[in-house]
Amino acid sequence: MSYKQFNRIRGLDGCDASWAQTLSRSETHVDLQGLAGRIAFVVDNADEAVAAVVLGLRHHLDMGIVTRDRLTDAVRTALYQAGAHLFDFSQRVLDKVPLTTAHQPGRVFVLTSGTTGAAKLVDHTWQTLNTRPREKALVEEETWFVPYQVGSYAWYQMICLGLFQNGQHIINADANDLVSSFTRNASSITAMSSTPTFWRVINMSVDEATLRSIPIRSISLGGEIVDQALLDRLGSLYPEADIRHIYASTEAGAAIVVKDRRAGFPKAFLDRPQRSASIRVADGRLFVQSRFSHAAACGRADQWLDTGDLVEVVDDRVYFRGRDKETVINVGGMKAFPTEIEAHLLEHPDVLWAHVKARRAPLVGALPTASLVFARPIRKPEEVEAELSKFLRNRLPSHAVPRVWEFLDAIPVKASLKS
Amino acid sequence: MKIQRDEILSLINQVLQKNDKPPVKDDTIGVRDAGFRSLDFSEVALRVEDLVDRELPFEAATMRRIATIKDVVDFFEQAAGADVV
């Protein structure tokens, strides 16, 4: 695919460079002769990631991006099993694996934890990641602030916008301090795609005058359920802006775009044949068929995907009601998996039974909470809590460590003999 | 049930210490310098809610003014309708 060489990327140092300049630097930095087979670029920040992306696109590499902080043993194993060689972008060191799979130029993997918590590679192509063509051509030049986690599906979508759409420029965010990064670039941001949580944090962290001064014309929300209060707040801050919320996932691809500033989506969208995606509801669950899906990337564009998202039709509107079973807790846009947390808790010698669930919380939307039954009488609850928190911090990311604990005397058993 | 300022500070310190961070002695310290993150704020909010037995109102404009640990205490004191000691 050809890309827009003169679109710009603003780096973490605040300097702008075109894609052509970025590519030129990458080609100087990396010895392409050594990059055969499937490559996982290991990067430290968004600047390195965009440099790797344009290199991979231009040279038809079979590739993907992994940030160093995600490179856990589980992720290494997933990459190894997929036959991906790790290439340390800053050190220019290639770590070859003996197991290799068929080389597919132009294939792009997206690393995801899915709904199960297990790391996996979802295959895409630049065509399936570039979801914008189905919409009207972008006539305005825009400068997009990109707060998404580097290498995620949403991040690739934004990078593809910068790569393939005329006049769409990108600002790389500093993942270590997103709010400061946003504030520093506020006067340049004309468009942003983010989770609702990111806007809530921005709303609470940035003063009103600065917020109102941002020349933003386009706001896209996704990754979480979008509530009416946030839509109203953004509408009041930016009355002239195009505000939309988008339903998309790594597996389903981009499927629903809602532009009427109302939560949920119009019932009329259901079963309506669409150019790129169709949706339907069965037994209160949302099903998607999209040409931007993982299935489409594998040649099965007509496959219907059960998203696992629960929906409710109320009059002329369809509202999201959460996930089927509580397989994921959304902590400020980051996933925590109750079954995974419970499994780790049960590895502790004193824990007999564990149940983890979500509790609604300010700022981050939800926090994991744990109910436990111990194999023997416990010491002071606060000491046990501190010990278990430390125990889990060594095994899980901090957002997945339960913040509120309940210690029960006995395992609660339902009539079904389930707990 | 209402909650006192020293109880709120004690909750903040419990959360900090549980996460291997030193307790706050001078509440004029900035939240960032204290290592008091958004996850910690959310946890303290839930603990205050448990103590006062109701959900707290969270007003964006007030939260935006939070810069120090004292501001956090002030915020929860106001949100929970606490008595000043």
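Start with chain A and its contacts: among those between residues at least 6 apart in sequence, 65% join residues at least 24 apart. The model on screen is predicted. Chain A has 419 residues, of which 41% count as buried. Colour chain A by secondary structure to bring up 12 helices and 24 strands.

**Stop 1: a sheet of six strands in chain A**

Select strands 3 to 8 of chain A, which form an open sheet in the order 6-5-3-4-7-8 with mixed pairing. At the edges are strand 6 (93-95) and strand 8 (120-125) of chain A, each of which pairs on one side only. Ignoring direction, neighbouring strands of this sheet are turned against each other by 30 degrees on average.

Now narrow the selection to residues 38-43 and 84-88 of chain A, which are strand 3 and strand 5. These two strands pair in the parallel sense, over 5 bridges. For one pair to label, take Val42(A), whose bridge partner in strand 5 of chain A is Asp88(A).

**Stop 2: a sheet of three strands in chain A**

Move to strands 22, 23 and 24 of chain A. They make an open sheet of 3 strands in the order 22-23-24, again with mixed pairing. Strand 22 (351-361) and strand 24 (404-408) of chain A are the edge strands, each pairing on one side only. From one strand to the next, the twist averages 20 degrees.

Keep strand 22 and add strand 23, residues 365-374 of chain A; the two run antiparallel and are joined by 10 bridges. Two pairs are worth labelling. Val351(A) stands opposite Phe374(A) in strand 23 of chain A, and His355(A) has Ser371(A) as its bridge partner in strand 23 of chain A.

What do strand 22 and strand 23 of chain A form, and how many residues lie between them? They form a hairpin, with 3 residues between the strands. Select Leu363(A) in the turn and check its backbone: phi is positive, at about 70 degrees.

**Stop 3: where chain B meets chain A**

Leave the three-strand sheet displayed and show residues 38-52 of chain B, which are helix 2. Helix 2 of chain B lies across strand 22, strand 23 and strand 24 of chain A. Relative to strand 22 of chain A, helix 2 of chain B runs at about 95 degrees.

Widen the selection to the whole contact between the chains, which takes 20 residues from chain A and 13 residues from chain B. On the side of chain A that touches chain B, helix 7 (196-205), strand 22 and helix 12 (381-393) of chain A each supply at least two residues. Coloured by class, that side of chain A shows 9 nonpolar, 6 polar and 5 charged residues.

**Stop 4: chain B on its own**

Hide chain A. Chain B contains 4 helices and 0 strands, and along the sequence the pattern reads α-α-α-α. Of its 85 residues, 39% count as buried. In chain B, residues 24 or more positions apart account for 72% of the contacts with a separation of 6 or more.

Select helix 2 and helix 4 of chain B. They pack at an angle of about 35 degrees, with their axes 11 Å apart, and their crossing is right-handed. Show the side chains of Phe41(B), Val44(B), Val48(B) and Val52(B) from helix 2, together with Val72(B), Phe76(B) and Ala80(B) from helix 4, which make the contact. By class, the residues of this contact divide into 7 nonpolar, no polar and no charged.

Keep helix 4 (residues 69-80) of chain B and swap in helix 1 (residues 5-18) of chain B: these pack at about 125 degrees, with their axes 9 Å apart. Helix 1 of chain B is therefore oblique to helix 4 of chain B. The crossing of helix 1 and helix 4 of chain B is right-handed. From helix 1 of chain B, Arg5(B), Ile8(B), Leu9(B) and Ile12(B) meet Ile69(B), Val72(B), Val73(B), Phe76(B) and Glu77(B) of helix 4. The residues of this contact divide into 7 nonpolar, no polar and 2 charged.

**Last stop: Asp6(B)**

Select Asp6(B), in helix 1 of chain B. Is Asp6(B) buried or exposed? Asp6(B) is exposed, because 10 other C-beta atoms lie within 10 Å and a residue with 12 or fewer counts as exposed. Finally, add Val73(B) and draw a C-alpha to C-alpha distance: Asp6(B) and Val73(B) are 8.6 Å apart in space and 67 residues apart in sequence.

Conventions. Residues are numbered from 1 along each chain as its sequence is written. Chains are lettered from A and ligands numbered from 1 in the order in which they are written. This is a predicted model: local features need pLDDT of at least 70, side-chain atom pairs count only at pLDDT 80 or more; totals for chains, interfaces and linings use all residues. Two strands pair if DSSP finds at least two bridges between them. Axes are lines fitted to C-alpha atoms, for helices over the stretch in contact, and angles run from 0 to 180 degrees between N-to-C directions. Two residues are in contact if their C-beta atoms, placed from the backbone, lie within 7 Å. Ala, Val, Leu, Ile, Met, Phe, Trp, Tyr, Cys and Pro count as nonpolar, Asp, Glu, Lys and Arg as charged, and the others, Gly among them, as polar. Angles under 35 degrees count as roughly parallel, over 145 as roughly antiparallel, 65 to 115 as roughly perpendicular and the rest as oblique. A crossing is left-handed if the near helix is turned anticlockwise from the far one by less than a right angle, and right-handed if clockwise. A residue is buried if 20 or more other C-beta atoms lie within 10 Å of its own, exposed if 12 or fewer, and partly exposed in between; C-beta atoms are placed from the backbone.
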